[in-house]
Amino acid sequence: MATTHAAGWTATAITKALHIQYPIIQAPCAGHTGADLIAAVSNAGGLGSLGAGMIPAAQLRTTIHSIREKTSRPFAVNLFCRAAKPPTHAELQKHYPGTDDVLNEIRTELNLPIPTEFQLRSPPFEDQVNVVVEERVPVVSFTFGLLPDSVLQRLWSAGTFLIGTATTVQEALALAGLDPSDPTRKADAIVAQGLEAGGHRGSFLKISHDDKHHQQLPVADLVKAIRSTQNNGRFPIPIIAAGGISSGADVYHAIHDWKADGAAIGTLFMLSKESTTPQGHRDYMLRAKANAVEETKITTAITGKSVRSYPNQLMKRIEAASKKSGGEIPNYDIQSSKTKDIAAYATQNGIQDYMMLLSGVNAPLAAEYSEQGTLSAAEILNKLVNDVDAKIAAA
């Protein structure tokens, strides 16, 4: 028998479109979202998501099969949009004074070999697309830009529901087909990624502090601003709020107050028992409040693209070297390829100073809400749902 929820808050445009029970999406935090977590969230009535941006095609196919062995419910695969022209092998080997020098210093301190050449971190995008089409993945989310029209048509022809990422109103308009310069829809729904969100920023258009449509905003302001572009507030595609959502009260505000159609939650599910969050990273988030660590910040230092992470020595030393040398931090394709060996070694060995400690702003709240990481994904989702029900009933 279907459960009746207070005020019918679960019946939103996103739950209807995706055929899920609750408008709660587990954000596709790359490196933290294995088959167990994704299936657990989907089985509990939400939408589990695989962060596949760095996963080679063969491994992606295997993981999709593993998810399907654990759930028959909808799930999502998240892809990184790529630059139209990726760097050549020669461009990838270019030495950047300051940043490359400090990376070599760190390698020496960690007894890591200095690479004689670098390889792109990102697997071939077309190969990933082939897998999700062939496997008929029900939902594909994407970030860092717009999918090429040819890919859009392939995915839509396969019956895939597409969710794009917007960090500004203008990006949301572009995804919804409301940009006069290109009035063709690019997605079936959008994630409105507020400034509080952990991990990489999904930005793909120029940011401006002078033009309100090109400003990056806190999640509540961003969702409301996107809604306000339409006179009746009815944005043509569903809006999923993302950024710092770490409790049932946050989900309530997203759905009830901001009028979002769903809530995407990353850091909280990173602390669930099923997540693949490395132990050193998990411990850092769980103890952030007790240890009074520096708050998360947005930086381009560690991957070449804006990302919210805890400041550690990896971030600080790259930032300082870049500032001192007056040199640039190279773009994502290059910088992420040059820091991956250090981050991988540090992660494997629990060296928090040189890991990528990506996290949203509310990790201490997520630690408390997850009962210090002791709850399963299903327990977290059920707690969120029960708290929203209680909040509506008490209103």
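The following dialogue works through the sheets, helices, cores and cysteines of a predicted model.

Student: Where should one begin when reading the sheets, and what holds the strands of a sheet together?

Tutor: Strands of a sheet pair through backbone hydrogen bonds, either parallel or antiparallel. In this predicted model, an open sheet of 8 strands has parallel pairing and runs in the order β1-β9-β8-β6-β5-β4-β3-β2. Its edge strands are β1 (24-26) and β2 (48-51), each of which pairs on one side only. From one strand to the next, the twist averages 25 degrees.

Student: Which helix packs on this sheet beside β2, and what angle does its direction make with that strand?

Tutor: Helix α2 (residues 35-43) packs there, touching β1, β2 and β3 (75-80). The direction of α2 makes about 160 degrees with that of β2.

Student: How many bridges join β2 to β3, and which residue is the partner of G48?

Tutor: The parallel strands β2 and β3 are joined by 4 bridges. The bridge partner of G48 in β3 is F75. Elsewhere in the sheet, strand β4 (residues 139-143) and strand β5 (residues 161-166) run parallel and are joined by 3 bridges. There, V140 has L162 of β5 as its bridge partner.

Student: What do the two faces of a strand reveal, taking β3 as the case?

Tutor: One examines the burial of the residues on each side. In β3, F75, V77 and L79 lie on one side and A76, N78 and F80 on the other, and all are buried, so both faces are covered. The count for β3 is 6 buried residues of 6.

Student: Why is β5 described as largely enclosed?

Tutor: The reason is that 6 of the 6 residues of β5 are buried, so the rest of the structure largely encloses this strand. F161, I163 and T165 point one way, while L162, G164 and A166 point the other way, and all are buried.

Student: What surrounds G164, and is this residue buried or exposed?

Tutor: G164 lies in strand β5 and counts as buried because its relative accessibility is 0%. Beyond its neighbours within four places in sequence, G164 is in contact with F142, L175, A187, A189, I190 and V191. Its C-alpha atom is separated by 7.7 Å from that of K186, although the two residues are 22 residues apart along the chain.

Student: How is the second sheet arranged, and which strands stand at its edges?

Tutor: This open sheet has 3 strands in the order β7-β11-β10, with antiparallel pairing. The edges are β7 (199-200) and β10 (297-299); each has a single partner strand, so one side of each is left without a neighbour in the sheet. Between β7 and strand β11 (residues 307-309) there are 2 bridges, and H200 stands opposite V307 in β11.

Student: How may the length of helix α16 be checked?

Tutor: One compares the span expected at 1.5 Å a residue with the separation of the end C-alpha atoms. For the 18 residues of α16 (residues 377-394) the expected span is 26 Å, and the end C-alpha atoms are 26 Å apart, which agrees.

Student: Which residues of α16 are buried, and against what do they pack?

Tutor: The buried residues are A377, I380, L381, L384, V385, V388, D389 and I392. They pack against β1, α2, α10 (248-257), β9 (262-265), α11 (267-270) and α15 (363-369).

Student: What does the largest nonpolar core contain?

Tutor: That core has 108 residues, and V77 and F269 have the most contacts inside it. Helix α16 gives the most to this core, with 7 residues. Among the residues in contact with F269, apart from its neighbours within four places in sequence, are I24, L37, A377, I380, L381 and L384. A second, separate core of 14 residues includes I14, L18, V191 and I240.

Student: How many disulfides are there, and why is C81 not bonded to C29?

Tutor: A disulfide requires two cysteine sulfur atoms within 2.5 Å, and the count here is 0. C29 is in no disulfide. The sulfur of C81 has its closest cysteine sulfur in C29, and the 17 Å between them is too far for a bond. C29 is buried, with a relative accessible area of 18%, and C81 also counts as buried, at 8% relative accessibility.

Definitions and conventions: Residues numbered from 1 in each chain as written. Predicted model: local features only at pLDDT ≥ 70, side-chain atom pairs only at ≥ 80, totals over all residues. Heavy atoms only, no water. Pairing = 2+ DSSP bridges. Axes fitted to C-alpha atoms, helices over the stretch in contact; angles between N-to-C directions. Contact = heavy atoms within 4.5 Å. Buried < 20%, exposed > 50% of the residue type's maximum accessible area, 1.4 Å probe, protein only. Expected span 1.5 Å × (residues − 1). Core = buried A, V, L, I, M, F, W, Y, C linked by side-chain atoms within 4.5 Å.
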